[in-house]
Amino acid sequence: MSKNRLVELLGTDYPIIQAGMVWVSGWNLAAAASNSGVLGTLGTGSMTLDEIRFNIGKMFEETDRPFAVNIPMLRPDAAEIGKIAGDMGVGIIISSAGNPAKIVPLLKRDDNILIHVVPSVKGAKKAEKEGVDAIICEGYEAGGHNSPFEITTLALTPQVVDAVDIPVIAAGGIADGRGIAAVMALGADGAQLGTRFIATQECDAHDNYKNLIVDSPDTESCIIGRKLSMLRVLRNRFAARMEEAEKSGAAEDELFKIIGSEFNRNRAAARDGDLEEGAFQAGQSAGMIKDIPTVSELVERLVREYEESRKSLRVI
């Protein structure tokens, strides 16, 4: 992979970002990713403030490479997380699930890089106008919380690239070097991978979570919570109950009763490995994942696959 403006912006070896995912993106995974030449990211969605401080401190102990902190703006203490990260010397912040006009004043500093996740061209243009440094455009294939616009990565990426002048990172449904080559052919400056990094040895996810991804066929992810907050998960007993309730027209309060606490559902998957009742967030790329390598092995493979795909591209 040759250097481009995203690599120059981030200071990484490769234009690849390990996504900051709830419950499974602690310092062990993020440090391994950064040390392998990509941008490792701490996912703060499930962390207490003390856990965030601890994980950031461990990152500085375990790597001297760039890393990011992902802050979901749904958290009421998002601004406080941003201050903690900035005061501890974190140079890259990735924000998601919020209005850029409100996010930038809270998180952008003269000494940091702010990247915002968007699901649409409108969101990308607004984020650029407000002063973010780069954009992650996330398609409908992605695991976890999803956009009601349901725009796929293949369709969204070139439209966002055409709409803004700042670096664009594509996300959603990417799990190998072919996918990275594909989105870069569409004009993206790089790619963010989430589900693929869950199934690595350094990820803190329960072994059941990793093995569930490895064993999943192409049809095993589904969207639940269309009336609430859309979430892409792998099918199990809990997801099947949600799907059936939604198909039968269940009201919001009935759906909330099934979910209970989303926080606890996510923890049951990631920490306890509860195969029946956990919410196993994963993208449509799960069907492509067949092993659990080290992060270093994965990054080497991604780069090799990218180069092979680029060289073998069929031109008619």
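## A tour of loops and packed helices

Begin by selecting Asn236, which sits in the loop between β11 (231–234) and α11 (237–247); helices (H or I, at least four residues) and strands (E, at least two) are DSSP runs, numbered from the N terminus. The model is predicted, so local features need pLDDT of at least 70 and side-chain atom pairs count only at pLDDT 80 or more, while totals for chains, interfaces and linings use all residues. Residues are numbered from 1 along each chain as its sequence is written, and side-chain values use heavy atoms, with hydrogens and water left out.

**Stop 1: Asn236**

Asn236 has a relative accessibility of 11% and counts as buried (under 20% relative accessible area; exposed is over 50% and partly exposed in between, with a 1.4 Å probe and protein chains only). Follow its side chain to the backbone nitrogen of Phe238, which it reaches at 3.3 Å. Now show the neighbours, where contact means heavy atoms within 4.5 Å. Apart from residues within four places in sequence, Asn236 is in contact with Asp274, Leu275, Glu276, Glu277, Gly278 and Phe280.

**Stop 2: Gly287**

Next, pick Gly287, in the loop between α13 (262–270) and α14 (295–312). Gly287 is buried, at 17% relative accessibility. Draw a line from its C-alpha atom to that of Ser221: the two are 66 residues apart along the chain, and the separation is 8.8 Å. Leaving out residues up to four places away in sequence, Gly287 touches Ser216, Pro217 and Asp218.

**Stop 3: Ile180**

Move to helix α8 (residues 177–185) and select Ile180. Is Ile180 buried or exposed? With a relative accessibility of 0%, Ile180 counts as buried. Its partners, not counting residues up to four places away in sequence, are Met1, Ile16, Ile174, Ala191, Leu193, Leu302 and Tyr306. For one of them, Leu302, the C-alpha atom is 8.1 Å from that of Ile180, although their positions lie 122 residues apart along the chain.

**Stop 4: α2 against α3**

Two packed helices are described by the angle between their axes and the distance between the axes. Colour helix α2 (residues 27–35) and α3: their axes come within 9 Å and cross at roughly 30°. Here axes are lines fitted to C-alpha atoms, for helices over the stretch in contact, and angles run from 0 to 180 degrees between N-to-C directions. The crossing of α2 and α3 is right-handed (the near helix is turned clockwise from the far one by less than a right angle; anticlockwise would be left-handed).

Which residues of α2 and α3 meet? Show Trp27, Ala30, Ala31, Ser34 and Asn35 in α2, and Phe54, Asn55, Lys58, Met59 and Glu62 in α3. This contact comprises five nonpolar, three polar and two charged residues (Ala, Val, Leu, Ile, Met, Phe, Trp, Tyr, Cys and Pro count as nonpolar, Asp, Glu, Lys and Arg as charged, and the others, Gly among them, as polar).

**Stop 5: Thr63**

Stay in this area and select Thr63, in the loop between α3 and β3. Thr63 is buried, at a relative accessible area of 7%. Beyond residues up to four places away in sequence, Thr63 touches Ala31, Ser34 and Asn35. The side chains of Thr63 and Asn35 are joined by a polar contact of 2.6 Å (a pair of N or O atoms within 3.5 Å; within protein, one must be able to donate a hydrogen and the other to accept it, and residues adjacent in sequence count only if both atoms are side-chain atoms).

**Stop 6: α3 against α4**

Now add helix α4 (residues 78–87) to helix α3 (residues 49–62): the axes come within 10 Å and cross at roughly 25°. That makes α3 roughly parallel to α4 (angles under 35 degrees; over 145 is roughly antiparallel, 65 to 115 roughly perpendicular and the rest oblique). Leu49, Ile52, Arg53 and Ile56 of α3 make the contact with Glu80, Ile81, Ile84 and Ala85 of α4. By class, there are six nonpolar, no polar and two charged residues.

Within α4, highlight Ala78, Ile81, Gly82, Ile84, Ala85 and Gly86, which are buried. The elements covering the buried residues of α4 include α3, β3 (67–72), β4 (92–96) and α5 (100–107). Just after α4, Gly89 has a positive phi of about 95°.

**Stop 7: two positive phi values**

Most residues other than glycine have a negative phi. Select Trp23, in the loop between β1 (16–18) and α2, where phi is near 70°. Trp23 is buried, at 11% relative accessibility. Finish at Glu150, in the loop between β7 (144–145) and α7 (153–163), with phi near 60°. Glu150 is partly exposed, at 33% relative accessibility.
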